[in-house]
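Here's a quick tour of the model, starting at the ligand and moving out to the helices and loops. Keep the 3D view open while you read.

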Amino acid sequence: MGLFTGKKGIVFGIANERSIAWAITQQLHAEGAEIGFTHLPDKDPERPKNANKVRKLVDPLDARFLVPCDVQKDEDISGAFAKAAETWGMIDFVVHSVAFAPPQDLTGPVYNSSRAGFLTAMDISVYSLIAMAGRARPMLNPGGSLLTLTYLGGERVIPGYNLMGLCKSALESAVEYIASELGPHGMRVNALSAGPVRTISASGVGDFKKMLTLYETFAPLRRNISEEEVGKTAMFLLSDLASGITGETLHVDSGYHIMGGPPLDAFAQPPASEG
Ligand code: 0WD
């Protein structure tokens, strides 16, 4: 019997096999979860590239459903939860692994962000969690939980993270407020703050090789994290093992976030990725 045997939920945010949502899905599935998925709607229904990419991944996991969902559309979010209600009635978990900022606004400087870019980034990256929490509440079983993905750039300035840093600050604040509102109903919501994972989204926020070097040099564990580690911790936070944890931002980053300066041995030898 797995930790998620008999549990049901929705995963938002698989774009391809590198997506963090996919790493989380694999762990949930291994523990026996029944999962329904969404994909970004395709512009040309004749050539459903997004749908096909996600379907190829989730079909072998016995996906209970796969529906299009643009989180900028209320009716799409409602549609995904309606599909879950129709499939199961009640659910136990929701994974929110969605973020976006228009590239021209993401590259910074923050003070040059356009109003439209700011609103789009906040809408897709923050409001979407709020919208999902509202729809999940009436259909979450007691003990049910929500999880979102965040990054250290929401707590401190990470050069290059720019506008997305503002979004992650707001997202983490939303997690705290929603946790306080859902808590009395026995429901939880947490954020997982991941170290760098090479995905499509990550390619928009700077030089990945430099990030790797930084983590290998500065992080207490002297390495970056793996997608599998992110997936396992996400599964833990969503599971009953974490029944006493809510409103938390848990870092899966080899301890990078605790450092206030470089370790004394930082530049004694070249990091592994440069060796
Ligand atoms: O290093 C990283 N990759 C980190 C990512 C470190 C720490 C946190 N994160 C966060 C991201 O900010 C995001 O919140 O993890 C979450 C997932 O990101 P990911 O797995 O790195 O990125 P990706 O595989 O691109 O998935 C994000 C997906 C989109 O992918 P694309 O590449 O198509 O933009 O968010 C989805 C989409 O599938 N997405 C949307 N879904 C519904 N409606 C929308 C939308 N409007 N826009 C983007």
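## Polar contacts to the ligand

Start with isoleucine 20: one of its backbone N or O atoms sits 2.8 Å from an oxygen atom of the ligand. Bear in mind that this is a predicted model, so treat the distances as what they are, values computed from predicted coordinates. Serine 19 joins in through its side chain, where an N or O atom is 2.6 Å from a ligand oxygen. Lysine 168 also reaches a ligand oxygen, with a polar side-chain atom 2.9 Å away.

How much of the ligand does the protein bury? On its own the ligand would expose 850 Å², and the protein buries 90% of that.

## The shell around the ligand

The ligand has 25 residues around it, and the ones that come nearest are Ser19, Ile20, Val197, Thr199 and Ser201. Two of these names are already familiar: Ser19 makes its contact by side chain, while Ile20 uses its backbone.

What is the shell made of, by class? Nonpolar residues account for 16, polar ones for seven and charged ones for two. As for where the shell comes from, strand E5 (140-150) and helix H7 (200-203) each supply at least two residues. H7 gives the largest share, with three residues.

## Helix packing around H5

Two packed helices are described by the angle between their axes and the distance between the axes. Take helix H5 (residues 115-136) and helix H6 (residues 162-182) as one case: they pack at about 20°, and their axes are 10 Å apart. Roughly parallel means an angle under 35 degrees, and H5 and H6 are therefore roughly parallel to each other. Their crossing is right-handed.

H5 also packs against helix H3 (residues 74-88), at an angle of about 40° and with the axes 10 Å apart. That angle makes H3 oblique to H5. The handedness of the H3 and H5 crossing is right-handed.

## H1 meets H9

Another pair to click on is helix H1 (residues 20-30) with helix H9 (residues 227-238). Their axes come within 8 Å and cross at roughly 60°. H1 and H9 are therefore oblique to each other, and their crossing is right-handed. H1 spans residues 20-30, and Ile20 is one of the residues that come nearest to the ligand.

## Two backbone oddities in loops

Which peptide bond is cis? Look at the one running from glycine 108 to proline 109, where omega is near -5°. Proline 109 belongs to the loop between helix H4 (103-106) and H5, the helix that packs with H6 and with H3.

The other spot is aspartate 62. Its phi is positive, about 60°, although the residue is not a glycine. You'll find aspartate 62 in the loop that links helix H2 (49-58) and strand E3 (65-68).

Technical notes:
Residues are numbered from 1 along each chain as its sequence is written. This is a predicted model: local features need pLDDT of at least 70, side-chain atom pairs count only at pLDDT 80 or more; totals for chains, interfaces and linings use all residues. Side-chain values use heavy atoms; hydrogens and water are left out. A residue is near a molecule or strand if one of its heavy atoms lies within 4 Å of it. A polar contact is a pair of N or O atoms within 3.5 Å; within protein, one must be able to donate a hydrogen and the other to accept it, and residues adjacent in sequence count only if both atoms are side-chain atoms. Accessible areas come from the Shrake-Rupley method with a 1.4 Å probe; for residues, only the protein chains shown count as cover. Helices (H or I, at least four residues) and strands (E, at least two) are DSSP runs, numbered from the N terminus. Ala, Val, Leu, Ile, Met, Phe, Trp, Tyr, Cys and Pro count as nonpolar, Asp, Glu, Lys and Arg as charged, and the others, Gly among them, as polar. Axes are lines fitted to C-alpha atoms, for helices over the stretch in contact, and angles run from 0 to 180 degrees between N-to-C directions. Angles under 35 degrees count as roughly parallel, over 145 as roughly antiparallel, 65 to 115 as roughly perpendicular and the rest as oblique. A crossing is left-handed if the near helix is turned anticlockwise from the far one by less than a right angle, and right-handed if clockwise.
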